[in-house]
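The following exercises concern a single protein model. Each task is followed by a solution that proceeds step by step.

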Amino acid sequence: MFKTRLRALLRPLMASVPLLLTSPLHANDASWQQTLLAARGQTVYFNAWGGSPEINAYLVWARQEIARQYQVELVQVKVDDIAQSVSQLLAGKQAGKTSNGPIDLLWVNGENFKALKEQGLLGDPFTDELPNMALVDTTLPVSEDFTVPVEGLEAPWGIGQLNLMVDGDQVDAPPTSAAALLAWAKSHPGRFTYPKPPQFHGSSFLKQILLELTPDPAPLYREATDADFLRITAPLWAWLDQLHPALWRKGRLFPTGAAETRQLLDDGELAMAISFNPGEAQSSVQNGTLPPTVQAIAMEKGALTNSHFLAIPFNASARAGAKVVVNFLLSPAAQARKSDPAFWGDPSVLRQEALPGQTRPALRFKGVAEPHPSWQTRLEAAWAERYGH
């Protein structure tokens with residue numbers, strides 16, 4: 001009986017040991033304590049993509065933990081495209097709204113981060129103030145965002161890699177190259193498609209195939225010029241011209257987003273769907289939203305890879321609260337839960353030794369870096385001109 005009671009008393013303490021062992025020493029600095037005090041009672045409005053039930057459920061858990069531990073209220077504002085939030089911030093700045101803005105935190109990367117930075121829509125650098133930034137694995141792509149230097153204006157949250165969630169019952173030999181994917185689609189008309197750009201997954205698919213078809217990718221990592229864009233994208237348009245007649249609905253209609261393609265995969269209309277999370281297939285199988293025969297496959301040349309980030313706007317109403325939220329989301333407990341396929345399956349940005357001992361490394365593929373964001377902007381415009389009927 002005594003041992004049972006002792007274990008019950010020690011369990012909460014032991015559960016916190018990994019956090020205590022991996023918390024940076026400056027977590028108790030006076031400046032951070034002042035941030036914690038200033039954050040108490042604040043409400044943080046977090047604009048984030050709302051298209052994934054798993055991510056939304058994870059943020060519900062985070063909201064509960066943040067409220068319990070720090071007396072900060074986290075409110076997820078679900079958006080289809082974070083570009084809408086960037087436009088909202090720009091309109092506020094142009095109207096002279098320099099404080100008490102409606103957005104306290106953004107889930108952002110790529111062309112949207114570039115736009116935020118260039119338009120002066122972010123506050124002062126803040127990541128050096130976060131105790132848990134000391135736990136981040138700096139060998140990951142966390143210092144640049146689509147070639148744009150981060151410079152403390154956003155904190156890394158997770159790693160994304162483009163992959164195909166493939167139903168093995170319908171696809172004997174999963175395609176791992178642009179040529180193989182085109183051949184499979186032609187042989188199985190109507191069983192593949194991709195979301196309509198500029199939806200994130202659709203634009204990412206264009207970049208993945210462009211990288212596949214480009215022998216020398218060096219120009220893709222510089223600002224796109226008219227001449228380079230015309231020359232380098234010609235094979236992509238030729239490839240898409242062949243692919244589209246073989247797509248679901250013969251390429252005359254495209255899904256509105258990743259959630260729709262995943263539903264079509266679950267319904268058996270598609271044999272594969274695009275994901276930007278290498279753990280999504282496993283997570284979806286575990287929670288019963290995809291058949292057990294589905295697995296993640298990446299291009300042999302390398303999966304389009306980036307980090308996704310958290311940024312605080314220039315006119316945030318709850319800046320201290322936003323810092324507390326970001327620091328919590330970078331904690332070992334939050335990152336371990338996020339990387340668990342049972343909850344989200346999004347790879348952690350922390351060093352493996354900083355995570356609780358039982359945390360398994362998340363699935364990762366060989367990666368290729370994101371092109372300069374100017375290529376995405378031009379690709380989306382050119383795609384709309386050619387196929388956006």
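**Exercise 1. Locate Thr147 and Phe146, and describe their backbone and exposure.**

Step 1. Thr147 is found in the loop between β4 and β5; strands (E, at least two residues) and helices (H or I, at least four) are DSSP runs, numbered from the N terminus. Phe146 has its place in the loop between β4 (144-145) and β5 (148-149).

Step 2. Thr147 is not a glycine, although its phi is positive, at about 75°. For Phe146, phi is near 55°, a positive value in a residue other than glycine.

Step 3. Buried means under 20% relative accessible area, exposed over 50%, and partly exposed in between (1.4 Å probe, protein chains only). Thr147 is therefore partly exposed, with a relative accessible area of 24%. Phe146 counts as buried because its relative accessibility is 5%.

**Exercise 2. State how far the model can be trusted.**

Step 1. This is a predicted model, in which local features need pLDDT of at least 70 and side-chain atom pairs count only at pLDDT 80 or more, while totals for chains, interfaces and linings use all residues. Residues are numbered from 1 along each chain as its sequence is written, and side-chain values use heavy atoms, with hydrogens and water left out.

Step 2. The pLDDT is the predictor's confidence in each residue, from 0 to 100. The protein chain has a mean pLDDT of 91, and 93% of its residues reach 70 or more.

Step 3. Over residues 1-23, however, the pLDDT is below 50, and beyond near neighbours in sequence this stretch has seven contacts in the model; contact means heavy atoms within 4.5 Å. Where pLDDT is low, the predicted coordinates should not be read in detail.

**Exercise 3. Compare the end-to-end length of helices α4 and α14 with the expected span, and list their buried residues.**

Step 1. The expected span of a helix is 1.5 Å times one less than its number of residues.

Step 2. Helix α4 (residues 53-70) has 18 residues and reaches 25 Å from its first C-alpha to its last, close to the expected 26 Å. Among its buried residues are Glu54, Tyr58, Trp61 and Ile66. Gln71, just after α4, takes a positive phi of about 55°.

Step 3. Helix α14 (residues 373-387) has 15 residues, which should span 21 Å at 1.5 Å a residue; its end C-alpha atoms are 21 Å apart, so the values agree. Its buried residues include Pro373, Trp375, Trp383 and Tyr387. The cover over the buried residues of α14 includes α6 (111-118), β5, α8 and α9 (226-243).

**Exercise 4. Describe the largest pocket and the largest cavity.**

Step 1. Rolling a probe the size of a water molecule over the atoms shows where empty space is left. On a 1 Å grid over the protein atoms alone, a cavity is a set of points where a 1.4 Å probe fits but cannot get out, and a pocket is an open set with protein on both sides within 12 Å along at least five of seven lines; lining residues have an atom within 4 Å of a point. Grid points are joined across faces, edges and corners, and a volume is the space filled by probe spheres set on the points.

Step 2. The largest pocket holds about 870 Å³ of space. Its lining has 45 residues, with Trp49, Trp107, Gln199, Phe200 and His201 nearest its centre. Helix α10 (residues 258-267) contributes the most to this lining, with five residues.

Step 3. Ala, Val, Leu, Ile, Met, Phe, Trp, Tyr, Cys and Pro count as nonpolar, Asp, Glu, Lys and Arg as charged, and the others, Gly among them, as polar. The pocket lining divides into 18 nonpolar, 18 polar and nine charged residues.

Step 4. The whole structure contains one cavity of 30 Å³ or more. The largest cavity has about 30 Å³ of space, and Leu162, Leu164, Leu181, Phe205, Gln208, Ile209 and Met299 line it. Its lining has six nonpolar, one polar and no charged residues.

**Exercise 5. Describe the surroundings of Ser284.**

Step 1. Ser284 lies in helix α11 (residues 280-286).

Step 2. Ser284 is buried because its relative accessible area is 1%.

Step 3. Not counting residues up to four places away in sequence, Ser284 touches Glu54, Arg262, Thr289 and Leu290.
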